[in-house]
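Reader: I have a protein chain in front of me and want to know what holds it together. Can you take me through it, starting with the charged contacts?

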Amino acid sequence: MRTATYFFIFLNLSLALFEEPAVYPLPFLATSVLEVLCLLVFLGRLTHFAKVTLHNVFWKDTKNICIVVAILLSLTDLAIYGVLKLYDVRSIRWSRIVRPIFLINFAESRQIRRAFRSIRNTLPEITYVFLLFMFSLLMFSLMALKLFGERNLQTAEGLPYFRNYLEIVFDLYVLVTTANSPDVMMPAFDFSSWYALFFIAFVIVNTYIFMSLFLAVVYNNYKKHLKVMPGGACD
């Protein structure tokens, strides 16, 4: 039963690869039949679980309610999408975002729920580090606007360089990952090699210090919550 449940959960999640817009498109009829099959299996699994569980206990469990709601939303969205497709009206399958609910809320997914709950409990405790990082990013972006905004510099593509504050925030955010290094600093470096000190200071503070601190806080808090997580029947 557990293997079959995991198989149909995986199949349900994989349908996103074949539904429009798709990587490997399949006819709507094929994907809809597979989705209905998955939903019927989920409904059957839930019904089987309800048969061996007290009625009051079953409906008090939030996981079961989430699965029922997800099945109803998926069927409703599938029906609406099918009708609109018959009349050549373009629409979007918004119910795709509820599909991970099946992965998390079935009784077989206890370990996944524990990991998910640990992540959820960790988020509030890393908020302060994230806010400090964002404050540093915003301050460096403001400094970059003051340093380069009035120099009339241009990128290699001929676009204005560091003249819009929000674009600067995004470019420096990408620089934290070093994905656009050293391209993002080359217009300023070509104007004056001393401007490289600004980007070196930014990388040291945000990439090497803040990212290491962020990783340490996330790891320690996640490990702490994972250790103290109860494993009772309510899981």
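Reader: Which residues are linked in a network of salt bridges?

Author: This is a predicted model, so keep that in mind throughout. Side chains of opposite charge can pair when their charged atoms come close. Here such pairs join up into a network, and its members are Glu19, Glu35, Asp77, Arg93, Arg96 and Arg99.

Reader: How many salt bridges does a search of the whole structure find?

Author: The criterion is a side-chain nitrogen of Lys or Arg within 4 Å of a carboxyl oxygen of Asp or Glu. One pair that meets it is glutamate 19 with arginine 99, at 3.0 Å. Over the whole structure, the search finds 9.

Reader: How many residues apart in sequence are the parts that glutamate 19 and arginine 99 tie together?

Author: The two side chains meet in a salt bridge, 3.0 Å from N to O. Glutamate 19 sits in the loop between helix H1 (2–14) and helix H2 (28–51). Arginine 99 sits in the loop between helix H4 (62–86) and helix H5 (100–105), so the parts tied together are 80 residues apart in sequence.

Reader: Is glutamate 19 buried or exposed?

Author: Buried means under 20% relative accessible area. Glutamate 19 has 4% relative accessibility. Its partner arginine 99 has 3% and counts as buried. By that cut-off, glutamate 19 is also buried.

Reader: Arginine 99 meets glutamate 35 too. Which helix holds glutamate 35?

Author: The side chains of arginine 99 and glutamate 35 form a salt bridge at 3.4 Å, N to O. Both residues are buried. The pair ties together parts 64 residues apart in sequence, since arginine 99 lies in the loop between H4 and H5 and glutamate 35 lies in helix H2.

Reader: Which residue meets glutamate 20 in a salt bridge?

Author: Glutamate 20 lies in the loop between H1 and H2 and is partly exposed, at 44% relative accessible area. Its partner is in helix H4 and is partly exposed as well, at 35%. The N to O distance is 3.7 Å, and the partner is lysine 85.

Reader: How far apart do the C-alpha centres of domain 1 and domain 2 lie?

Author: The domain assignment puts domain 1 at 1–108 and domain 2 at 118–228. Their C-alpha centres are separated by 40 Å.

Reader: What span should helix H6 have at 1.5 Å a residue?

Author: H6 covers residues 110–122, which makes 13 residues. Arg113, Arg114, Ser118 and Thr122 are buried in this helix. Its end C-alpha atoms are 18 Å apart, in agreement with the expected span of 18 Å.

Reader: Where in the protein chain is confidence lowest?

Author: The chain has a mean pLDDT of 87, and 96% of its residues reach 70 or more. Confidence is highest in helix H8 (residues 165–176), with a mean of 93. At the other end, with a mean of 78, is H6.

Reader: Which element gives the most to the largest nonpolar core?

Author: In soluble globular proteins, nonpolar side chains tend to be buried together. The largest nonpolar core has 23 residues, and those touching the most other members are Phe148, Phe162, Leu172, Phe199 and Phe202. Helix H7 (127–148), H8 and helix H10 (196–228) each give two or more residues to this core. The top contributor, with 6 residues, is H10.

Reader: Which peptide bond is cis?

Author: Look in the loop between H8 and helix H9 (186–191), where proline 182 is placed. Omega is near 0 degrees for the bond from serine 181 to proline 182.

Reader: What is phi of asparagine 152 near?

Author: Asparagine 152 is in the loop between H7 and H8. It is exposed, with a relative accessible area of 59%. Its phi is positive, in a residue other than glycine, and is near 55 degrees.

Reader: And what is phi of threonine 178 near?

Author: Threonine 178 is in the loop between H8 and H9. It is partly exposed, at 42% relative accessible area. Again phi is positive in a residue other than glycine, near 65 degrees.

Reader: What does UniProt list for residues 1–16?

Author: In the model, this stretch is 81% helix and 0% strand. Its end C-alpha atoms are 24 Å apart. The UniProt entry, which is unreviewed, lists these residues as "signal peptide".

Technical notes
Residues are numbered from 1 along each chain as its sequence is written. Side-chain values use heavy atoms; hydrogens and water are left out. Helices (H or I, at least four residues) and strands (E, at least two) are DSSP runs, numbered from the N terminus. Buried means under 20% relative accessible area, exposed over 50%, partly exposed in between (1.4 Å probe, protein chains only). Domain bounds come from an automatic or database domain assignment. UniProt positions are given in the numbering used here, feature names are shortened, and annotations may be inferred rather than shown by experiment. The expected span of a helix is 1.5 Å times one less than its number of residues. pLDDT is the predictor's confidence in each residue, from 0 to 100. A nonpolar core is a set of buried Ala, Val, Leu, Ile, Met, Phe, Trp, Tyr and Cys residues joined through side-chain atoms within 4.5 Å.
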